[in-house]
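Opened the notebook for a quick session with one model. I want to pick a spot, see what surrounds it, then look at the charged pairs.

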Amino acid sequence: MAKRFVIPGVVAALALGTVVTFGVVPSAQAAGSSARINNCWSTWGSTGSAAHCVNTSVTGHYRNEAHCGGIDYDRVSGWVRIARGSTVDPWGRLECAWSIRSSDLSFKY
């Protein structure tokens with residue numbers, strides 16, 4: 001039977017790597033708002049985002065997009081058909097695990 005042993009330097013290196021990994025996660029940005037498209041826009045804060053449409057000027061399909069920070073991946077809501085003159089507030093809520101850098105809307109007819 002082979003004897004197993006742990007090299008103290010390897011354990012220390014692994015522990016240090018864990019500390020460094022957590023140390024590089026960026027802090028969350030306070031808040032912001034995207035450009036407006038047809039009276040619709042996206043807002044973000046801390047780790048989340050939501051879209052807003054007030055008296056929408058063009059009927060079409062809209063979706064919210066959250067640009068997450070750190071090692072997280074970006075998130076996108078499903079397409080939502082919103083009719084001209086409609087108010088839908090809020091919709092397309094998205095959450096990032098660590099932080100959010102910004103958010104915006106996509107539009108298609």
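My entries below start from one residue and move on to the salt bridges.

**Entry 1, the model.** I am working from a predicted model, not an experimental one.

**Entry 2, Val76.** I looked up where Val76 sits and found it in strand E5, which covers residues 75-76. Is Val76 buried, exposed or partly exposed? Its relative accessibility is 44%, so I put it down as partly exposed, since that class lies between 20% and 50%.

**Entry 3, around Val76.** Which residues does Val76 touch once I set aside neighbours within four places in sequence? I noted Arg63, Asn64, Glu65 and Leu94 as its contacts. I also checked Ser103: 27 residues separate it from Val76 in sequence, and the C-alpha to C-alpha distance is 9.6 Å.

**Entry 4, salt bridges.** How many salt bridges are there? I get two.

Arg63 and Glu65, both on my contact list for Val76, make one of them, with their closest N and O atoms 3.3 Å apart. I then checked how accessible each partner is. Glu65 has a relative accessible area of 13%, so I call it buried because the cut-off is under 20%. Arg63 comes out at 25%, so it goes down as partly exposed.

Arg75 pairs with Asp72, and here the closest N and O atoms are 3.0 Å apart. Arg75 and Asp72 are both buried.

**Entry 5, recap.** Val76, partly exposed, contacts both Arg63 and Glu65, and those two are joined by a salt bridge.

Methods
Residues numbered from 1 in each chain as written. Predicted model: local features only at pLDDT ≥ 70, side-chain atom pairs only at ≥ 80, totals over all residues. Heavy atoms only, no water. Helix = DSSP H or I, 4+ residues; strand = E, 2+ residues; numbered from the N terminus. Buried < 20%, exposed > 50% of the residue type's maximum accessible area, 1.4 Å probe, protein only. Contact = heavy atoms within 4.5 Å. Salt bridge = Lys/Arg side-chain N within 4 Å of Asp/Glu carboxyl O.
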